[in-house]
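The following exercises are to be worked through with the sequence and the three-dimensional structure at hand. Each task is followed by a solution in steps.

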Amino acid sequence: MPVRRPGRRVAVATLPLALAVACATFGIAAAPAVSASVAPVGVVPAAVAPVAVRPASAAIRPATVVGTVDRANRAAVLAGYRANFLAPSKVSGAWSGSVRSCDAGSTNPAFTQATLSAINWARSQAGMPPVVGVNPTYSARAQRTALLMQVRGALSHAPASSWACWSSDGAAGAAHSNLALGVTGARAVGTYLIDPGSTNTDAGHRRWLLYPRLGQIGIGNTGWANALYVVGSPARLPAGVPAYYGWPTSGYFPRGAEPRGLWSLSSSHGFSFARATVRVVGPTGAAVRVTRYPSHDGYGDNTLVWRLASAPSQRVRADQTYRVTVSGIRTATGHVTSYSYAVTLIS
């Protein structure tokens with residue numbers, strides 16, 4: 001499925017504690033073409049000014065994905081992917097705003113719910129609880145941010161006040177959000193999870209969406225821009241979250257969601273990957289050449305990111321298992337350890 005719209009540039013950026021990527025969409029088998037038009041990565045200040053938050057009862061509750069996926073159950077993994085990611089990706093949003101009058105407008109509630117469903121599918125697949133809800137204040141800011149990016153036709157976490165349709169809410173949202181142009185709703189979520197583009201080697205968009213402490217979020221969509229407000233009031237670390245979580249995850253993993261060779265492993269316990277190394281053995285039993293990227297903290301949990309020299313084909317129908325070993329992980333007490341897991345891609 002083509003990613004570009006005629007005459008429109010498809011791009012993605014993350015926030016201060018985020019980065020930038022080009023956009024893509026997921027399919028069940030074939031990988032979409034990915035156009036890498038990226039913005040430089042920026043890091044959010046360690047201290048974020050507090051924001052007034054409405055009670056969760058006033059927000060849209062996550063209702064589609066509850067609990068986590070049994071990654072040892074092939075049928076359950078595919079069913080969850082199809083129902084909670086692929087189906088929401090087909091939901092269309094009717095934007096009521098206007099570029100000419102700087103009206104941020106809104107999209108229909110089903111489109112917002114579809115976006116939330118896609119986020120919670122990814123979190124469930126990674127063993128994380130669903131986000132606690134969609135905060136109306138954050139969403140209002142994200143909506144103004146999406147308008148600002150669409151009008152400008154560019155992405156920035158610090159838009160100048162000279163930009164057309166600039167507003168303080170839009171600027172605040174830009175500083176706290178994952179940003180995308182040319183893709184919206186659940187499809188934008190899919191793009192953030194892929195994190196395509198040569199400058200997105202921190203996988204920052206993905207890390208924010210899977211962050212165990214992610215609290216309430218804000219969702220903004222226009223006709224062809226998306227803003228996901230993810231840097232707000234962090235929640236406490238939920239009980240029972242895994243010490244390590246990868247993307248793709250261990251166990252069965254939908255081939256259509258494989259992030260085009262950009263793999264990552266995060267630690268919810270704050271372990272350091274600064275001196276870690278990674279080894280991947282492919283389906284044939286041979287080692288797969290990888291490019292290990294420098295470990296940069298500040299985007300959700302500490303994470304190691306690497307790229308497979310040859311991304312798994314989206315056209316293969318048979319199950320394929322990759323075995324990953326990350327060595328040289330340093331725990332909070334200074335102990336050096338390793339972690340091994342297997343990823344089985346399924347269609």
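A salt bridge is a side-chain nitrogen of Lys or Arg within 4 Å of a carboxyl oxygen of Asp or Glu. The model examined here is a predicted one.

**Exercise 1. Salt bridges**

Task: Determine how many salt bridges the rule yields, and describe each pair.

Solution.

Step 1. Side chains of opposite charge can pair when their charged atoms come close. The count comes to two salt bridges.

Step 2. One salt bridge joins Asp301 and Arg213, whose closest N and O atoms are 3.5 Å apart. Asp301 is in the loop between β11 (290-292) and β12, while Arg213 is in the loop between α6 (204-210) and β4 (218-221); the pair therefore ties together parts that are 88 residues apart in sequence.

Step 3. Buried means under 20% relative accessible area, and exposed means over 50%. Asp301, at 6%, therefore counts as buried, whereas Arg213, at 24%, counts as partly exposed.

Step 4. The other salt bridge is formed by Asp319 and Arg74, with 2.9 Å between the closest N and O atoms. Because Asp319 belongs to the loop between β12 (302-308) and β13 and Arg74 to helix α1 (residues 74-89), this pair ties together parts that are 245 residues apart in sequence.

Step 5. Asp319 is partly exposed, at 35% relative accessible area. Arg74 is also partly exposed, at 30%.

**Exercise 2. An open sheet**

Task: Establish the order of the strands in the open sheet of five strands, and state which strands stand at its edges.

Solution.

Step 1. The order is β7-β14-β13-β9-β10, and the pairing is mixed.

Step 2. β7 and β10 (287-288) are the edge strands; each has a single partner strand, so one side of each is left without a neighbour in the sheet.

Step 3. β9 and β10 are antiparallel and pair over two bridges. Across this pairing, Val280 stands opposite Val288 in β10.

Step 4. Strand β9 (residues 277-281) also runs antiparallel to strand β13 (residues 320-330), to which five bridges join it. Here Arg279 has Thr325 of β13 opposite it.

Step 5. β13 is in turn joined by nine bridges to strand β14 (residues 336-346), again in the antiparallel sense. Val326 has Tyr339 in β14 as its bridge partner.

Step 6. β13 and β14 form a hairpin with five residues between them, and Gly334 in the turn has a positive phi of about 95 degrees.

**Exercise 3. Nonpolar cores**

Task: Identify which residues have the most contacts inside the largest nonpolar core, and examine the surroundings of one of them.

Solution.

Step 1. The largest nonpolar core has 53 residues, and Trp306 and Val326 have the most contacts inside it.

Step 2. With neighbours within four places in sequence left aside, the contacts of Val326 include Leu265, Phe273, Leu304, Trp306 and Tyr339.

Step 3. A second, separate core has 14 residues, among them Met149, Ala174, Trp224 and Ala227.

Step 4. Trp306 is also touched by Gly261, as are Arg307, Leu308 and Ala311, when residues up to four places away in sequence are not counted. Gly261 is placed in the loop between β7 (251-254) and β8 (262-267), and is buried, with a relative accessible area of 0%.

Step 5. Between the C-alpha atoms of Gly261 and Pro196 the separation is 9.5 Å, although these residues are 65 residues apart along the chain.

**Exercise 4. Two helices**

Task: Is helix α5 (residues 185-194) largely enclosed or exposed? Examine helix α2 (residues 109-125) as well.

Solution.

Step 1. In α5, nine of the ten residues are buried, so this helix is largely enclosed by the rest of the structure. Among the buried residues are Gly185, Val189, Tyr192 and Ile194.

Step 2. Asp195 follows α5 and has a positive phi, near 50 degrees.

Step 3. α2 is mostly covered, since 14 of its 17 residues are buried. Its span from first C-alpha to last is 24 Å, close to the 24 Å expected at 1.5 Å a residue.

Step 4. Ser117 is found in α2 and is buried, at 3% relative accessible area. The side chain of Ser117 reaches the backbone oxygen of Asn84 at 3.0 Å.

Step 5. Just after α2 comes Gly127, with a positive phi of about 85 degrees.

Key: Residues are numbered from 1 along each chain as its sequence is written. This is a predicted model: local features need pLDDT of at least 70, side-chain atom pairs count only at pLDDT 80 or more; totals for chains, interfaces and linings use all residues. Side-chain values use heavy atoms; hydrogens and water are left out. Two strands pair if DSSP finds at least two bridges between them. Helices (H or I, at least four residues) and strands (E, at least two) are DSSP runs, numbered from the N terminus. Buried means under 20% relative accessible area, exposed over 50%, partly exposed in between (1.4 Å probe, protein chains only). A polar contact is a pair of N or O atoms within 3.5 Å; within protein, one must be able to donate a hydrogen and the other to accept it, and residues adjacent in sequence count only if both atoms are side-chain atoms. The expected span of a helix is 1.5 Å times one less than its number of residues. Contact means heavy atoms within 4.5 Å. A nonpolar core is a set of buried Ala, Val, Leu, Ile, Met, Phe, Trp, Tyr and Cys residues joined through side-chain atoms within 4.5 Å.
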